[in-house]
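Q: I'm new to this one. Could you walk me through how to read it, one feature at a time?

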Amino acid sequence: MDADWESKPKPTIQMREALIAPESGWRALGYALGAVVLTIVLMIAAGVAGNAGWPLVAFLAFVAALASAAAAVIGGAGLFSVGPNDAKVLQLFGDYKGTVREPGLRWANPLYIKRKVSLRVRNFESERLKVNDLTGNPIEIAAVVVWRVVDTAEALFHVDDFTDFVHVQSEAALRNLALHYPYDPHVDGEIGLRSHTAEVAEHLKTEIQERLLRAGVDVLEARISHLAYAPEIAHAMLQRQQASAVVAARREIVEGAVGMVEMALDHLGRQRIVDLDNEQKSAMVANLLVVLCSDRGAQPVVNAGKG
């Protein structure tokens with residue numbers, strides 16, 4: 001049965017937004033208020049005619065009052081308002097009739113179902129997800145996503161709940177992103193989650209947008225808001241970072257010390273201040289390197305000559 005289902009073509013209904021411009025609601029509001037006033041007048045007239053012994057006139061006035069009241073109800077039921085950066089999606093017996101985006105008081109068929117969709121820019125911060133990075137290290141990661149609805153028909157009819165859809169798909173994209181990059185780059189030119197925030201943010205935005213194409217949503221920005229190693233390895237990773245920093249600092253110190261020793265020997269040789277043989281030069285180099293590379297202050301020993 002599953003194989004038969006897979007072999008069948010899957011029908012898809014592609015809904016795209018169709019903008020409509022219904023009539024202004026102010027005219028309909030005026031008609032509705034006029035019908036209310038007319039209903040009151042006719043009811044009073046029907047009562048007066050009944051008291052005066054004119055049953056036919058009273059009956060006709062009462063029927064006219066009912067018709068006027070029905071017109072007022074119909075006119076009022078068709079009124080709706082659209083706020084700035086809002087939209088109303090109109091449906092008639094399940095059939096999509098169009099979307100109204102122009103703000104103001106509007107009037108449409110009273111039988112239309114009017115569903116409000118906000119077009120404002122929205123943002124949310126995902127939960128802190130525990131995932132593995134490219135090298136397999138467990139990390140905690142969260143992101144802030146800024147988005148808005150650009151196609152109301154797709155947002156309402158292509159997915160069940162577009163707000164929940166945005167949240168779930170954004171977290172799925174964030175999990176997938178973490179699998180493509182290490183927390184810190186280990187080789188030159190490698191992109192890391194912590195060191196290349198702009199590149200990672202652009203990748204995250206692109207991946208989320210691809211997942212939300214069917215929902216009528218435009219992703220304006222997506223950035224990592226929280227990034228840390230998982231608690232069980234945080235201490236070990238901190239020691240690793242400290243060791244890397246110490247090694248890098250020592251490397252710079254040694255390179256600087258070698259340059260200073262070379263400069264000192266060259267200066268002594270050019271000025272002919274003292275003539276040193278190879279053994280004395282080796283001792284001098286060793287002493288200078290100890291002084292320059294030591295992390296503690298050197299204790300000088302003064303040679304006062306032979307006693």
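Q: Let's start with a pair of helices. How do the axes of helix α5 and helix α6 cross, and within what distance do they come?

A: Two packed helices are described by the angle between their axes and the distance between the axes. Keep in mind that this is a predicted model. Here, helix α5 covers residues 162–178 and helix α6 covers residues 197–211; their axes come within 9 Å and cross at roughly 135°. That angle makes α5 oblique to α6.

Q: Is the crossing of α5 and α6 left-handed or right-handed?

A: The α5 and α6 crossing is right-handed.

Q: Which residues in α5 and α6 meet?

A: On the α5 side, look for Phe 165, Gln 169, Ser 170, Ala 172, Ala 173, Leu 174, Asn 176 and Leu 177. They meet Val 200, His 203, Leu 204, Glu 207, Ile 208 and Arg 211 in α6. Sort the residues of this contact by class and you get 8 nonpolar, 4 polar and 2 charged.

Q: Staying in α6, what does Lys 205 touch beyond the residues up to four places away in sequence?

A: Lys 205, which is found in helix α6, touches Val 219, Leu 220 and Ala 222. Take Ala 222: it is 17 residues from Lys 205 in sequence, yet their C-alpha atoms are 5.0 Å apart. Lys 205 has a relative accessible area of 28%, so it is partly exposed.

Q: How do I read accessibility for another helix residue, say Ala 70: buried, exposed or partly exposed?

A: The cut-offs do the work: under 20% is buried, over 50% is exposed, and in between is partly exposed. Ala 70, in helix α3 (residues 55–77), has 36% relative accessibility and therefore counts as partly exposed. For a sense of the fold around it, Ala 70 and Val 36 are 34 residues apart in sequence, with 9.4 Å between their C-alpha atoms.

Q: And what about a loop residue: is Asn 137 buried or exposed?

A: Asn 137 sits in the loop between β8 (129–132) and β9 (138–149). Its relative accessibility is 16%, so Asn 137 counts as buried. The Asn 137 side chain also makes a polar contact with the side chain of Thr 135, at 3.0 Å.

Q: Stepping back, how many helices and strands does the protein have?

A: Count 8 helices and 10 strands. Of the protein's 307 residues, 30% count as buried. As for contacts with a separation of 6 or more, 69% of them are between residues 24 or more positions apart.

Key:
Residues numbered from 1 in each chain as written. Predicted model: local features only at pLDDT ≥ 70, side-chain atom pairs only at ≥ 80, totals over all residues. Heavy atoms only, no water. Axes fitted to C-alpha atoms, helices over the stretch in contact; angles between N-to-C directions. Helix = DSSP H or I, 4+ residues; strand = E, 2+ residues; numbered from the N terminus. Parallel < 35°, antiparallel > 145°, perpendicular 65-115°, else oblique. Left-handed = near helix turned anticlockwise from the far one by under 90°. Contact = heavy atoms within 4.5 Å. Nonpolar A, V, L, I, M, F, W, Y, C, P; charged D, E, K, R; others polar. Buried < 20%, exposed > 50% of the residue type's maximum accessible area, 1.4 Å probe, protein only. Polar contact = N/O pair within 3.5 Å; in protein donor to acceptor, adjacent residues only side chain to side chain.
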